[in-house]
Amino acid sequence: MKPMITISRIVAFSSLLCIPLLSHAGAYIFSSGTSPDVITHPSNYTGTGGVLTVSVCIAPTSESIAEMTVSVENAIATWNQLEPTTGNLIFGASNDIPSGEIDFESTLAHELGHCVGLAHPNLATESGLGEPDRNYTKADEGPNNMFDLGIGGDGVRGSQDDIRGDDINLHWFRTIDNNPFVMTGTVDTSTYSRSLLDLPAGSSFAANADRTVSTLFGVSNTEAVMQQGQGLDEDQRQLGHDDVATLRLGMAGVDETEGTADDYTLNLVYGGVASGCDITVQVTGTSFAFCSVGGAGVSGDHLRITSATAQFGTAAQFNWYFNPNPSQQEIIFEDGFEI
Amino acid sequence: MLYKHLFVLCCFVVVPLSAAQAESLRYEKIFNQVTAKDNRLILSVDENGSVALHRPLFMTRSGDYQWQLDAQALNTLWSLMDQQSLAQVDQALLNRNLAQLKQTVLVSTSNTDISYFEWVANASTEMHSLEVEGLEAWAGIFKDQSDLQILQRIEQDLWQWINLQLQQEGVQ
């Protein structure tokens with residue numbers, strides 16, 4: 001017998017505060033307090049230089065295949081192009097995302113970053129901290145087993161004057177100026193470091209590319225794609241300098257020196273709807289979005305991704321906005337032909 | 001867009017539970033990666049079958065819902081909760097097992113959604129609770145970890161139950 005149900009539906013206005021999260025290069029998956037110098041490379045990197053091809057497929061069992069295809073192709077092109085930008089946060093009427101919806105392409109760009117080895121440059125939710133302390137730069141708690149969170153004189157979490165006690169920095173920074181919103185010249189360990197001893201004068205900790213930190217460097221509406229947190233009605237499809245620098249630091253190879261034989265360039269290729277790719281993208285389940293990866297050693301502190309699955313909650317449950325517009329960027333398909 | 005709707009349907013049946021069947025449930029899924037102030041799905045069911053559901057704005061069919069279950073529907077829900085299996089899951093042991101598993105293989109996930117289960121068992125006043133971060137991801141990685149699989153299955157069943165309830169009442 002069908003139960004008789006009374007429903008009173010109350011749909012209330014939700015005051016959406018897209019709470020702002022309070023290049024450089026950022027941080028890598030698998031780095032930790034005991035292994036702070038780990039650099040994680042994308043799939044298939046074995047220490048040999050050249051073009052590193054990583055295939056990206058949509059799982060045949062995925063939902064929303066037709067809707068998501070353009071976003072997948074666009075996000076692949078974004079990571080292939082590695083073009084750092086400022087002003088990559090586009091809100092409200094300035095973007096094509098309807099109010100109350102979440103941009104699938106922006107979320108995918110973030111998760112693809114995880115799938116190729118990048119971690120959050122901020123402490124994020126994995127720290128166990130609440131907002132806004134998650135905005136502090138990624139670090140290990142250090143010997144006192146607690147995060148030391150001194151905001152410093154500028155009152156901005158994640159900035160260069162933060163006082164972090166014995167926290168072990170895990171965020172690679174540009175040594176000349178500790179500025180995560182620029183990237184010029186060589187990107188390797190001659191110009192980037194994780195050691196706080198290499199900070200420039202005036203800095204007490206590595207600055208991360210959080211949008212509130214950006215204002216201290218004279219840029220606005222700018223944030224690393226890898227910064228944790230996706231807002232509603234927010235386009236963040238383009239990479240920041242921190243995102244690009246993190247990947248380029250890895251691309252300098254196991255000798256961590258740009259311009260040598262072990263350097264590689266990342267080439268994500270779209271494999272269509274198929275199984276067996278290096279990165280599988282699927283829309284399914286009840287979680288918002290994540291990438292799960294496996295890893296293996298390459299050499300010393302260098303690891304590589306061995307498997308990656310990026311999963312996004314179903315469109316039946318989440319108000320995804322699927323961008324229908326192909327970007328103008330070059331997209332290489334697995335058969336080698338461009339569109 | 002600001003809007004409020006209040007629909008009250010007549011002809012409901014309420015069958016109060018006996019004192020011996022003191023069961024209640026609270027389930028939450030916290031979507032930590034969404035920066036909206038309201039970022040959690042909340043389902044609560046009390047011992048009388050009163051249901052309250054909150055879906056945040058970024059979810060389909062967002063809003064707050066309240067409805068009443070009769071005894072049969074309530075029993076169906078409790079069976080989904082699989083309380084016998086749930087009662088066997090110990091939070092501390094689950095945490096230790098998960099931590100140990102993470103040490104054995106080089107894996108990582110960016111899933112920071114938190115699944116929270118809180119219930120009062122049948123004929124009891126003791127409240128139990130379980131919480132797992134990244135449940136869906138870790139259950140997918142550690143397929144032989146029985147506690148994770150139990151919780152994952154219950155979570156999936158709850159989501160399906162919610163969908164069915166909303167569909168039955170024509171909520172699009």
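Contact, as I use the word in this notebook, means heavy atoms within 4.5 Å. I also note at the outset that this is a predicted model.

**Entry: chain B as a whole**

I began with contacts in chain B between residues at least 6 apart in sequence, and I found that 56% of them join residues at least 24 apart. I then looked up the secondary structure of chain B, which has five helices and seven strands, and I wrote down their order along the sequence as β-β-β-β-α-α-α-β-β-β-α-α. Of the 172 residues in chain B, 51% are buried. For the surface of chain B I noted an exposed area of about 8,000 Å², with carbon and sulfur atoms supplying 52% of it.

**Entry: the disulfides**

I reminded myself that a disulfide is a covalent bond between the sulfur atoms of two cysteines. How many disulfides are there over all chains? The count comes to two.

One disulfide joins A:Cys57 to A:Cys277, with a distance from S to S of 1.7 Å. This pair links distant parts of the chain, since A:Cys57 sits in strand S4 (residues 50-58) of chain A, while A:Cys277 sits in the loop between strand S13 (264-273) and strand S14 (279-283), 220 residues apart. I checked whether each partner is covered: A:Cys57 has a relative accessible area of 0% and is buried, and A:Cys277, at 15%, counts as buried because the cut-off is under 20%.

The other pair I looked up is A:Cys115 and A:Cys291, which form a disulfide with their sulfur atoms 2.2 Å apart. The torsion about their S-S bond is about 120°, so I recorded this disulfide as right-handed. Because A:Cys115 lies in helix H2 (residues 104-115) and A:Cys291 in strand S15 (residues 289-299) of chain A, the pair ties together parts that are 176 residues apart in sequence. Both ends are buried, with A:Cys115 at 1% relative accessibility and A:Cys291 at 2%.

Counting the bonded cysteines along chain A, I wrote the pattern of its disulfides as 1-3, 2-4.

**Entry: A:Gly272**

I next turned to A:Gly272, which lies in strand S13 of chain A. Is A:Gly272 buried or exposed? At 15% relative accessibility, A:Gly272 counts as buried. Leaving aside its neighbours within four places in sequence, I found A:Gly272 in contact with A:Val56, A:Cys57 and A:Ile58; of these, A:Cys57 is the residue I had already met as a disulfide partner of A:Cys277. I also compared positions along the chain and in space: A:Gly272 and A:Glu73 are 199 residues apart along the chain, and their C-alpha atoms are separated by 9.3 Å.

**Entry: the largest pocket**

Last, I looked up the largest pocket, whose volume is about 1,300 Å³. Of the 40 residues that line this pocket, the closest to its centre are A:Ser31, A:Glu126, B:Lys102, B:Ser108 and B:Thr109. The elements giving two or more residues to the lining are strands S8 (139-140) and S15 of chain A, together with helix H3 (91-104), strand S5 (107-109) and strand S7 (127-133) of chain B. Which element gives the largest share of the lining? I found that H3 of chain B does, with seven residues. By residue type, I listed the lining of the largest pocket as 18 nonpolar, 15 polar and seven charged.

Technical notes:
Residues numbered from 1 in each chain as written. Chains lettered and ligands numbered in written order. Predicted model: local features only at pLDDT ≥ 70, side-chain atom pairs only at ≥ 80, totals over all residues. Heavy atoms only, no water. Helix = DSSP H or I, 4+ residues; strand = E, 2+ residues; numbered from the N terminus. Buried < 20%, exposed > 50% of the residue type's maximum accessible area, 1.4 Å probe, protein only. Areas by Shrake-Rupley, 256 points an atom, 1.4 Å probe, with all protein chains shown as cover. Disulfide = S-S within 2.5 Å. 1 Å grid on protein atoms, 1.4 Å probe; cavity = no way out; pocket = protein on both sides within 12 Å on 5 of 7 lines; lining within 4 Å. Points joined across faces, edges and corners; volume = space filled by probe spheres on them. Nonpolar A, V, L, I, M, F, W, Y, C, P; charged D, E, K, R; others polar.
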